[in-house]
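Dear colleague,

I am passing on the structure below, and would be glad if you could look it over with the notes that follow it. Please read them alongside the coordinates.

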Amino acid sequence: MFLIFGFRTKPVALGWVGAPCRVCGHTGSQLLIREVTRFSLFFIPLIKVRTRYVLECHNPMCRSVNRISGGEAENLMRGGVRAA
Ligand SMILES: [Zn+2]
């Protein structure tokens, strides 16, 4: 019997938040992204394994992606999110 399983991470853009970039210092908006990793069996996502938040810099010269904690993401969302 075959057992096909794996992990799949799905990024979801939550919106633009006002935060300075940690890499280039760009003070404009950054894209807040939630990455949810799920365990899947036979290509059906079943169990949520991990949730991560990242900020993507909008500066075309930088484009860095920085991981932030769930608490930081919550604070940024409380400060206001513009639709992506
Ligand atoms: Zn940057």
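Strands S3 and S4 pair in the antiparallel sense, and four bridges hold the pairing in this predicted model. Within that pairing, Tyr53 stands opposite Ile68, the latter being a residue of S4.

Moving to the other partner of S3 (residues 44-57), one finds S2, which runs antiparallel to S3 and is joined to it by twelve bridges. Arg38 has Lys48 of S3 as its bridge partner, which gives you a convenient pair to locate when following the register of these strands. The hairpin that S2 and S3 make has two residues between the strands, and there Phe42 takes a positive phi near 55°.

S2 (residues 29-41) also pairs with S1 (residues 5-18), again in the antiparallel sense, and here the pairing extends over 13 bridges. As a point of reference on this side, Val17 has Gln30, in S2, as its bridge partner.

Taken together, these pairings give an open sheet of four strands, in the order S1-S2-S3-S4, with antiparallel pairing. Because S1 and S4 (65-68) stand at the edges and each has a single partner strand, one side of each is left without a neighbour in the sheet. From one strand to the next, the twist averages 35°.

As for the chain as a whole, it has one helix in addition to the four strands, and when it is read along the sequence the pattern is β-β-β-β-α, with the helix following the strands. The radius of gyration of the chain is 16 Å, whereas the globule rule gives 12 Å for 84 residues; the value is well over that figure, so the chain is more spread out than a compact globule. The C-alpha trace, for its part, spans about 55 × 30 × 20 Å along its principal axes.

Two further figures describe how the residues are placed with respect to one another. Of the 84 residues in the chain, 10% count as buried. If one considers the contacts between residues at least 6 apart in sequence, 54% of them join residues that are at least 24 apart.

When you go through the model, you may find it easiest to begin with S2, which pairs with S1 over 13 bridges and is joined to S3 by twelve, and then to continue to S4, which pairs with S3 over four bridges.

With best regards

Technical notes:
Residues numbered from 1 in each chain as written. Predicted model: local features only at pLDDT ≥ 70, side-chain atom pairs only at ≥ 80, totals over all residues. Pairing = 2+ DSSP bridges. Axes fitted to C-alpha atoms, helices over the stretch in contact; angles between N-to-C directions. Rg over C-alpha atoms; globule rule 2.2 N^0.38 Å. Buried ≥ 20, exposed ≤ 12 C-beta atoms within 10 Å, placed from the backbone. Contact = placed C-beta atoms within 7 Å.
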